Amino acid sequence: MARVVVDVMLKPEILDPQGQAVQRTLPRLGFDGIADVRQGKRFELDVEGPVDEAALARIHEMAETFLANTVIEDFVVKVEEA
């Protein structure tokens with residue numbers, strides 16, 4: 001069984017209020033020197049069978065239609081080493 005990861009992030013031009021809240025809080029917790037924080041989502045998919053071109057195309061379609069809002073989010077699909 002292989003694992004495919006889909007990382008979803010807001011596009012750079014989209015305001016990230018959760019990331020900004022984390023960034024403002026870090027210095028108060030003693031974590032200085034962080035210039036920016038962006039928050040995203042990570043989906044780990046355990047795939048039955050081989051992860052070939054067809055499987056990756058299907059996962060890409062899944063990410064584009066269901067996992068990410070492509071109007072405001074970008075995503076990356078990658079296969080993790082077993």
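How many helices and how many strands does the protein have? In this predicted model, the protein has two helices and three strands. Followed along the sequence, these elements come in the pattern β-α-β-α-β.

A look at the overall dimensions helps to set the scene. The C-alpha trace spans about 50 × 30 × 15 Å along its principal axes. The radius of gyration is 16 Å, whereas a compact globule of 82 residues would have a value near 12 Å. Of the 82 residues, 24% count as buried. The accessible surface comes to about 5,900 Å², and carbon and sulfur atoms account for 56% of that surface. Contacts across the sequence are also informative: taking those between residues at least 6 apart, 73% join residues at least 24 apart.

The three strands form an open sheet in the order S2-S1-S3, with antiparallel pairing. Strand S2 (40-47) and strand S3 (73-80) are the edge strands, each of them pairing on one side only. On average, neighbouring strands of the sheet are turned by 20° against each other, with direction ignored.

Strand S1 (residues 2-10) can be followed towards each of its partners in turn. Eight bridges join S1 to S3, and the two run antiparallel. Among the residues involved, Arg3 has Glu80 of S3 as its bridge partner, and Val5 is matched with Lys78 in S3. Towards S2, there are likewise eight bridges from S1, again with the strands running antiparallel. Here the bridge partner of Met9 is Gly40 in S2. As general background, side chains in a regular strand alternate between the two faces of the sheet.

One of the helices can be placed against this sheet. Helix H2 (residues 53-67) lies across S1, S2 and S3, and its direction makes an angle of about 150° with S3.

Two residues of S3 give a closer view of the surroundings of this strand. The first to be described is Glu73, which is found in strand S3. Is Glu73 buried or exposed? Its relative accessibility is 11%, so Glu73 counts as buried, the cut-off for this class being under 20%. The side chain of Glu73 takes part in a polar contact of 3.4 Å with the side chain of Lys41. In addition, a polar atom of the Glu73 side chain lies 2.7 Å from the backbone nitrogen of Asn69. With neighbours within four places in sequence left aside, Glu73 is in contact with Val8, Met9, Leu10, Lys11, Lys41, Leu67 and Ala68. Lys41 thus appears both in this set of contacts and as the side-chain polar partner of Glu73.

The other residue is Phe75, also found in strand S3. Phe75 is buried because its relative accessible area is 18%, which falls under the 20% limit. Which residues does Phe75 touch, not counting those up to four places away in sequence? They are Val6, Asp7, Val8, His60, Ala63, Glu64, Ala68 and Thr70. Val8 and Ala68 are named among the contacts of Phe75 and also among those of Glu73. As a further reference point, Phe75 and Arg58 are 17 residues apart along the chain, and their C-alpha atoms are separated by 14 Å.

Methods. Residues numbered from 1 in each chain as written. Predicted model: local features only at pLDDT ≥ 70, side-chain atom pairs only at ≥ 80, totals over all residues. Heavy atoms only, no water. Pairing = 2+ DSSP bridges. Helix = DSSP H or I, 4+ residues; strand = E, 2+ residues; numbered from the N terminus. Axes fitted to C-alpha atoms, helices over the stretch in contact; angles between N-to-C directions. Contact = heavy atoms within 4.5 Å. Buried < 20%, exposed > 50% of the residue type's maximum accessible area, 1.4 Å probe, protein only. Polar contact = N/O pair within 3.5 Å; in protein donor to acceptor, adjacent residues only side chain to side chain. Rg over C-alpha atoms; globule rule 2.2 N^0.38 Å. Areas by Shrake-Rupley, 256 points an atom, 1.4 Å probe, with all protein chains shown as cover.
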